[in-house]
Amino acid sequence: MALRWTGAALVGALAGLGLALWDQRLPAQHPTPRTVVAASDAAAPSPVALDAAGPSPAPDSAVVNAPAAQPAAPSAQATVVRAADPSEEVRAARLRVCASLSRPDGQRRWISPEDLVPRLGAVRGDDLLVLVNRSPRFALDPAWTPTDLVDLRDGSPGDSQSCLPPGRQCLRREAAVAFGRLTAALRSAGHRPYIHSAYRSYAAQCGVFRQWAYDRGQGFCEATHGSALAGHSQHQLGTTVDLFTVAWAEGGTVMRNGFACTAGGRWLAEHAWEHGFVLPYPLAVDARDPSRPCRPRAGVSVPSDPRTGYQDEPWHLRYVGVEAASRFHAHALAMEGTGREPTLEQWLREAQGVVGDVDLPTCDGCACGQCSTFDATAQGPCGADALVLSRDGSLRPSATPQLLSASARWTGGSLRVTATVHAPPGVVTQTPVGQAFARGETFEAARLEGGLAHGWPDLPGAWRLAVRPAGDGPWSWRWGLRSAAGASLQPVTAYLPATRGSQPVTLRCTPDVRPAEIEVALWRDGQPEGTLRVPVALDPPGATR
């Protein structure tokens, strides 16, 4: 059973942990985009009092006197609880909250109403381990708000209307008490905490995204990698806070690069889990500097991490409970250096039996071919070039592709296969896309840019091309039925919509021995279909391609 705090007890606990005073000495903050776009919604400016500084801890002499008991840990098998299927009248009212996003802008960027307010009923965020990401499948209900929000300054009750950062910073009760312990420990280590943003309602997040996309000129597509769409922000859960140090805040706008490598940033990465908080948006594994993992490799532009859809945010903390945070931390440590190090997203998916490493983000006209939608009319921002979901959030059954022809040539010590596949609308495929397999590599393990290995196990119902030397050996090489769009998802195992129509697909792999013939087939659910036996031609001596 989770601890229940009375108002007076909570005020005492928060005050004792150094959350009672505001720091008025800092210069006003002006949140602007990082040199490289910031990761996820935490990097966004607040729609209210944008330039105000956040609260800071009480003087260092404050006495830590919070109760020693720990909140009960949530179940690892969190259940996806959805709001009731809304009536048309209710849907219309909820759409009006973020109406601007449901209309095409000047660049034809917008969100289908079917995705903005799903008909199946969106996710409720009551469980501490609820999965919330960029997909329409795991979007929060616009009407959902925590019922136990409290002000981090004095423990007084709050709600979605009054808890507007930076004027009033709130978290759910259990998270607020745990946050008090975290900031007390942070201060004991010599770092004064600085809160930038805690709970944000659906309506507030809608305003935040509009500001990044339009008011500050960042552009809609760029903003989606630095600010969550309304309904997709972990801040709406009431368990998430953007936490910096006063020393960092005094150096300029807090949303600049480099916080992860400061003493305060390193402390959070090493100790936040001890208090029930995790960092959901780490630096992409293949972008890290091996000698200093808190920063990207020299000369590497930091893209969005395909495991999360956002760039890194070393200040974005989500409370999941001490027991769950401890298990996540231990699992992540055990997976370090394997190329399969999970973020919170992958850990929750595995624990809850959700297939694949990630879900494709909501279609908005920016990444067509790499997005998903509930809109089955093909009239959404990406038309038919999207992964269409059933009303319950599951994949629609795939249409059947056809392997029309194939040829093979041995050139430069490797095998080049060209296959022509016809994919009608609705064919579901998966990663990898266009992966070149070196000698000794297969679909189960191949090296990506940055030197880390990754594998792509079969996803249920997904079609791929498969190749093997003629005979009865394993089908060691498999590729998605997708053109270049989708290559950015190479480091993850994910569903994709196949490229529609008939087109040649060129693939490369390197068998240990040059085969005289190969077999090419379409592959689904562990079985080849439409197998073609193809002779392997040789390039003449001295030929270059």
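P469 stands opposite I518 in strand 20. The structure is a predicted model. Strand 20 covers residues 517–524 and pairs with strand 16 in the antiparallel sense, over six bridges. This briefing starts with the sheet around that pairing. It then turns to aromatic rings and to charges over rings.

**The sheet as a whole**

- Strands of a sheet pair through backbone hydrogen bonds, and the pairing is either parallel or antiparallel.
- Here, seven strands make an open sheet with mixed pairing.
- Their order is 17-16-20-21-11-12-19.
- Strand 17 (477–480) and strand 19 (501–509) are the edge strands, and each pairs on one side only.
- From one strand to the next, the twist averages 25°.

**Strand 16 and its neighbours**

- Strand 16 spans residues 464–469 and is mostly covered.
- Of its six residues, five are buried.
- Strand 16 and strand 17 run antiparallel and are joined by four bridges.
- One residue to find here is R464, whose bridge partner in strand 17 is G480.
- In the order of the sheet, strand 16 stands between strand 17 and strand 20.

**Strand 12 and strand 19**

- At the other end of the order come strand 12 and strand 19.
- Strand 12 covers residues 414–423, and nine bridges join it to strand 19.
- These two strands run antiparallel.
- To trace the pairing, look at L415: its bridge partner in strand 19 is C509.

**Aromatic rings**

- A pair of aromatic rings is described by two values: the distance of the centres and the angle of the planes.
- The model holds twelve aromatic pairs.
- One of them is F209 with F220, an edge-to-face pair.
- Their centres are 5.1 Å apart, with 75° between the planes.
- The angle counts as edge-to-face because it is over 60 degrees.
- F209 belongs to helix 5 (residues 202–215), while F220 belongs to helix 6 (residues 220–223).
- The two residues are eleven residues apart, and the pair links distant parts of the chain.
- Both F209 and F220 are buried.
- Elsewhere, one aromatic cluster is formed by F244, W248, F259 and W315.

**Charges over rings**

- W248, a member of that cluster, also has a charge over its ring.
- The charge is the charged end of R256, which sits 3.6 Å from the ring centre.
- R134 lies over the face of Y310.
- The distance from R134 to the centre of the Y310 ring is 5.7 Å.

Methods
Residues numbered from 1 in each chain as written. Predicted model: local features only at pLDDT ≥ 70, side-chain atom pairs only at ≥ 80, totals over all residues. Heavy atoms only, no water. Pairing = 2+ DSSP bridges. Axes fitted to C-alpha atoms, helices over the stretch in contact; angles between N-to-C directions. Buried < 20%, exposed > 50% of the residue type's maximum accessible area, 1.4 Å probe, protein only. Phe/Tyr/Trp six-rings, centres within 6.5 Å; stacked < 30°, edge-to-face > 60°. Lys NZ or Arg CZ within 6 Å of the ring centre and 35° of its normal.
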